[in-house]
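Here's a friendly walk through one protein chain, for someone meeting it for the first time. Have a look at the picture, then read on.

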Amino acid sequence: MIKDGVIQLRDYDSVFDNNPDSNYFYNTPGYDGPKLIAGRVSLKNAKERLKKGEVYTIVKYHQGDELPQEYTPLNANVESGDTLFATINPDLRFYYLCANGGIQMISRFPDREEGNPIWLLGPGPDEVSLSELVESQLSDYEKIDTMRK
């Protein structure tokens, strides 16, 4: 699913701005429970997707917006104008990770580092950390934002 540490980067607003209620294969019965989605989304779309049990690695928001309890502000060192970033509440538990067009069961390791959950992918031995997911999304955001200027 995550091959050689490469996580495909996704900006889900391009899909959800047109249809915030879109379904994917991982919304079907059998994939019940909270899902961590490796991708970026606006706060508006993040709130809509919470209804489907989806929590995104990065949420873009603006000063004064109220974040749901599933997200926590992120001190990002990214040139983003007035855009702020949030990431998942590290206390949340997830059953699945959705990345690279696939879904995989995950289990959480005991925290090795406060606020940086680490998950075992499937039966292992591969693992992924929240910091890896966040860094990949922010790095991609910065590249795309720089190209737009």
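## Starting at Asp21

With a relative accessibility of 51%, Asp21 counts as exposed, because the cut-off for that label is anything over 50%. Keep in mind that you're looking at a predicted model.

Asp21 has a partner, too: Asp21 and Lys52 form a salt bridge, and their closest N and O atoms sit 3.3 Å apart. This pair links distant parts of the chain, with Asp21 in the loop between helix 1 and strand 1, and Lys52 in the loop between helix 2 and strand 2 (54–62), 31 residues apart.

## The chain from end to end

Let's step back for the overview. The chain has three helices and eight strands. Reading from the N terminus, the elements go α-β-α-β-β-β-β-β-β-β-α.

The chain is 149 residues long, and 42% of them count as buried. Looking at contacts with a separation of 6 or more, 52% come from residues 24 or more positions apart.

## One sheet, eight strands

In what order do the strands of the open sheet line up? The order of the eight strands is 3-4-2-1-5-6-7-8, and the pairing is mixed. Strand 3 (71–74) and strand 8 (127–129) are the edge strands, each pairing on one side only. On average, neighbouring strands of this sheet are turned by 35 degrees against each other, direction ignored.

A bit of background helps here: strands of a sheet pair through backbone hydrogen bonds, either parallel or antiparallel. Strand 2 gives you both kinds. Strand 2 pairs with strand 1 in the parallel sense over six bridges, while strand 2 and strand 4 run antiparallel and are joined by four bridges.

## Getting to know strand 2

You can pick out some facing residues along these pairings. Val41 stands opposite Val59 in strand 2, and Ser42 stands opposite Lys60, again in strand 2. Over towards strand 4, His62 stands opposite Thr83.

Is strand 2 mostly covered or mostly open? It's mostly covered, with eight of its nine residues buried.

## Helix 2 and its surroundings

Strand 1, helix 2 and strand 2 together make a right-handed β-α-β unit. Helix 2 lies across strand 1, strand 2 and strand 3, and runs at about 150 degrees to strand 2.

For a residue to look at in this helix, try Asn45, which is found in helix 2 (residues 43–50). Asn45 has 0% relative accessibility, so it counts as buried. If you leave aside neighbours within four places in sequence, Asn45 is in contact with Asp13, Phe16, Asp17 and Pro20.

## More salt bridges

How many salt bridges does the structure hold? There are six. One of them joins the side chains of Arg40 and Asp11, at 4.0 Å from N to O. Arg40 lies in strand 1 (residues 35–42) and Asp11 in the segment before helix 1 (13–16), so this pair ties together parts that are 29 residues apart in sequence. The two partners have contrasting surroundings: Arg40 is buried, with a relative accessible area of 1%, whereas Asp11 counts as partly exposed at 27% relative accessibility. There's a wider group here as well, since Asp11, Asp13, Arg40 and Lys60 are linked in a network of salt bridges.

Another salt bridge brings together the side chains of Arg49 and Glu54, at 2.8 Å from N to O. Arg49 and Glu54 are both buried.

## The nonpolar core

Which residues touch the most other members of the largest nonpolar core? They are Tyr56, Leu97 and Trp119, in a core of 35 residues. Quite a list of elements supplies at least two residues each to this core: strand 1, helix 2, strand 2, strand 4 (83–88), strand 5 (96–99), strand 6 (102–108), strand 7 (118–121) and helix 3 (130–148).

Tyr56 is a good place to finish. Leaving aside neighbours within four places in sequence, Tyr56 is in contact with Tyr12, Phe16, Tyr26, Ile37, Gly39, Val41, Arg49, Tyr71 and Ile88. Some of those names have come up already: Val41 is the residue opposite Val59, and Arg49 is the salt-bridge partner of Glu54.

Conventions: Residues numbered from 1 in each chain as written. Predicted model: local features only at pLDDT ≥ 70, side-chain atom pairs only at ≥ 80, totals over all residues. Heavy atoms only, no water. Buried < 20%, exposed > 50% of the residue type's maximum accessible area, 1.4 Å probe, protein only. Contact = heavy atoms within 4.5 Å. Core = buried A, V, L, I, M, F, W, Y, C linked by side-chain atoms within 4.5 Å. Pairing = 2+ DSSP bridges. Axes fitted to C-alpha atoms, helices over the stretch in contact; angles between N-to-C directions. Right-handed = clockwise from strand over helix to strand, strands pointing away.
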